[in-house]
Amino acid sequence: MESGAELRPSALDLVAALLTGRYPEGWAPLAENRHLLVLLTTSLAVLVGCGVALLVRRSAPRAAAQAAPPRPLAVPRAKDEPDPDDGRQRVAVFFGTQTGTAEGFAKALAEEAKARYDKAVFKVVDLDDYAAEDEEYEEKLKKESIALFFLATYGDGEPTDNAARFYKWFSEGNERGEWLSNLRFAVFGLGNRQYEHFNKVGKVVDQLLAEQGGKRIVPLGLGDDDQCIEDDFNAWKELLWPELDKLLRQEDDSSTTPTPYTAAIPEYRVVFVQPEDATDINKSFSLSNGHAVYDIQHPCRANVAVRRELHKPASDRSCIHLEFDIAGTGLTYETGDHVGVYAENCIETVEEAEKLLGYSPDTLFSIYADQEDGTPLCGGSLPPPFPSPCTVRTALTRYADLLNPPKKSVLLALAAHASDSKEAERLRHLASPAGKKEYSQWIVTSQRSLLEVMSEFPSAKPPLGVFFAAISPRLQPRYYSISSSPKMAPTRIHVTCALVYGPTPTGRIHKGVCSTWMKNSTPLEESEECSWAPIFVRQSNFKLPADPTVPIIMIGPGTGLAPFRGFLQERLALKETGVELGRAVLFFGCRNRKMDFIYEDELNNFVDSGALSELIVAFSREGPTKEYVQHKMAQKAPELWSIISQGGYIYVCGDAKGMARDVHRTLHTIVQEQGSFDNSKTESYVKSLQMEGRYLRDVW
């Protein structure tokens, strides 16, 4: 530019002049008309802003504009949340669930109740969400007038994870008196009669509610998952309605007969997606999202570092040693904890499901629990859907439980989408009271899987929204006792898993989902393209004594050895640092030392190093008669009684239905005979061991 050329003022000069109040020579007219200057500057700012917005919009990828925004996992709160002061009667419906059944029953009852009692408000509540702090439980329960509890029991008579905090608070607070005199309650328990502590949680809560002043609406319901728990639920529900009628119906409508209720079939909203429009295909397990705190909702992605077979070649069975690499993840564990593993269905199972549903494996879709305007579907009772968009193959592989026997509600959903009227009628019959015996024999006793049932009724082609909401339950994590100690393996979580593989009464070969996945996994030591799984740690009270000099007795046949391997690793680490150890006796059992004596060399090394004082092994298939761990215990009765009476701890891990019961009976006999107690005092003594935390069981 030539030096003598005249400089024209720019837009930025104009803005600067307005902000500073200093105007260049020749701008006098503008300076005198400040209002005009403000108007010009404002107009200019608007034009610049529009230009920037247009530039940003055009620079964004076209597909991103078409992709649906990510949906929150939590179901949004209903818009018509009732006013607490509107005068309507309120009913709290609490649930403690591990696999979703108790939650499903709670929501189903609430939905039916809403149809029956339009002048009452039913609210379904997760017990873990009911109170942020333990102190709030009492404050909130005092305000409830009617409460229904659906409580599952699992393991060794334990509460579910989401009910554990409430159960501990409620069962340990015995000094409150009759503080629930304004509460009317009913409890439905979910359990399995094959287990020793059948429905313990439901029984305890029902009893304590009554003892603390609550008035029982109907007797405790005892659901038995060994048979048809849906029938137990429906029978209990029919007892409940007449009593709720008395509490919730007004005098002017008490004589009216309620309209017969038919439960709506749940359905997610499904939107099919074209591949070119999908910018965020769920290729990885998106629950593994890098949360600082890992739990069942937010697991940690962990590679399989090591996999090896523990049985010897002569064995016709399989037991896998697996190691998850947790280095750098922030995931930690303690000796005795459990690891939850989200595994995948095997490809043969998934392909069969694709064929039965009639969908291509590459079909892309997104799935939602609300309508397009955000209104929750099914009154908000649908659980949050899995991450999407994803393919049908991904959804069936990661999220669908395809191998368990279907519930009766599943049969009704299949019937609604069966084009053959005879098939639909047969499905409805199996789900009806008239078909109870046939359902029990054809499905429960025969262990028919969902896919087997669907193959018998090929005209039933449910849409994907119905299949994932009403037919296939969500695939649940599998839990394993961690078989390592962080003192020896801080960056690894070890799992000891027996392969589940064998024929069912129908002739189908049942392959356990997680054990099959572990058996077929590719470890990092073999390939950089190794297998991985979303995992999380669940804390356990199955811990070594705080004082390492306290003697311990460990009883764990088969994979029940898992936590004791962790115990012994911890004791060895302590010993190597100079810590004095108390006596430790391990009872292990297997079939044959030449087939399934797992970790044999390690156990002998623990003995040689002094971490284990005595190893006693029962081989059930070597001698003329079968010998199990309880038989070895009886032979060592005086020694065991000496340890117990001197303050020692007893640990049992393994099968709850058989082994744990037999071991408990043997322990009872040892205490009675060695202590010279009568039956009543023996019962009291063994119970005191449990209450003191000196008799601990990790059973399944």
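**A walk through the predicted model**

The largest nonpolar core of this chain holds 44 residues, and those with the most contacts inside it are Phe 365, Leu 396, Phe 467 and Phe 468. Several elements give two or more residues to this core: the strand β12 (364-368) and the helices α11 (347-357), α12 (392-398), α13 (408-416), α14 (421-431), α15 (436-445), α16 (450-456) and α17 (464-471). Helix α17 supplies the largest share, with six residues. Apart from this core lies another one of 29 residues, among them Ile 598, Phe 606, Leu 612 and Val 617. Please keep in mind as we go that this is a predicted model.

Let us step back for the overall picture. The protein chain has 24 helices and 23 strands. Of its 700 residues, 47% are buried. If you take the contacts with a separation of 6 or more, residues 24 or more positions apart account for 77% of them.

Two of the helices that feed the largest core make a good next stop. The axes of α14 and α15 come within 7 Å and cross at roughly 100°. Angles of 65 to 115 degrees count as roughly perpendicular, and therefore α14 and α15 are described as roughly perpendicular to each other. Where they meet, α14 brings Arg 426, His 429 and Leu 430, while α15 brings Glu 438, Tyr 439 and Trp 442.

Now for the sheets. One open sheet has six strands in the order β14-β11-β18-β9-β10-β15, and the pairing is antiparallel. Its edges are formed by β14 (478-481) and β15 (492-498), each of which pairs on one side only. On average, neighbouring strands of this sheet are turned by 40° against each other, direction ignored. Helix α19 (residues 562-576) packs on the sheet, where it touches β10 (319-325), β14 and β15, and the direction of α19 makes about 145° with that of β15. Within the sheet, the antiparallel strands β11 (residues 338-341) and β18 (residues 532-538) are joined by four bridges. To find this pairing on screen, start from His 338, whose bridge partner in β18 is Arg 538.

Helix α19 also leads us to another arrangement, since together with β19 and β20 it makes a right-handed β-α-β unit. Strand β19 (residues 552-555) is covered on both faces: Ile 552 and Met 554 are buried on one side, and Ile 553 and Ile 555 are buried on the other. This strand has parallel partners. With β20 (residues 584-590), β19 pairs in the parallel sense over four bridges, and there Met 554 has Leu 586 as its bridge partner. With β22 (residues 649-654), β19 again runs parallel and is joined by four bridges, and there Ile 555 has Val 652 as its bridge partner.

Moving towards the start of the chain, we come to strand β3 (residues 146-154). Is this strand mostly covered or mostly open? It is mostly covered, as eight of the nine residues of β3 are buried. Strand β1 (residues 89-96) pairs with β3 in the parallel sense over six bridges, with Val 93 standing opposite Leu 148 of β3. Strand β5 (residues 184-191) is also a parallel partner of β3, here over seven bridges, and Phe 149 has Val 187 in β5 as its bridge partner. The pairing with strand β4 (residues 158-159) is antiparallel, with two bridges joining it to β3. There, Thr 153 stands opposite Pro 159. Strands β3 and β4 form a hairpin with three residues between them, and Gly 155 in the turn has a positive phi of about 60°.

The last stop is a single side chain. Which helix holds His 668? This residue lies in α23 (residues 659-675). His 668 has a relative accessible area of 12%, so it is buried, given that buried means under 20%. Leaving out residues up to four places away in sequence, His 668 touches Asn 679, Thr 682, Glu 683 and Val 686.

Notes
Residues are numbered from 1 along each chain as its sequence is written. This is a predicted model: local features need pLDDT of at least 70, side-chain atom pairs count only at pLDDT 80 or more; totals for chains, interfaces and linings use all residues. Side-chain values use heavy atoms; hydrogens and water are left out. Two strands pair if DSSP finds at least two bridges between them. Axes are lines fitted to C-alpha atoms, for helices over the stretch in contact, and angles run from 0 to 180 degrees between N-to-C directions. Contact means heavy atoms within 4.5 Å. Buried means under 20% relative accessible area, exposed over 50%, partly exposed in between (1.4 Å probe, protein chains only). A crossover is right-handed if, with the strands pointing away from the viewer, the path from the first strand over the helix to the second runs clockwise. A nonpolar core is a set of buried Ala, Val, Leu, Ile, Met, Phe, Trp, Tyr and Cys residues joined through side-chain atoms within 4.5 Å. Angles under 35 degrees count as roughly parallel, over 145 as roughly antiparallel, 65 to 115 as roughly perpendicular and the rest as oblique.
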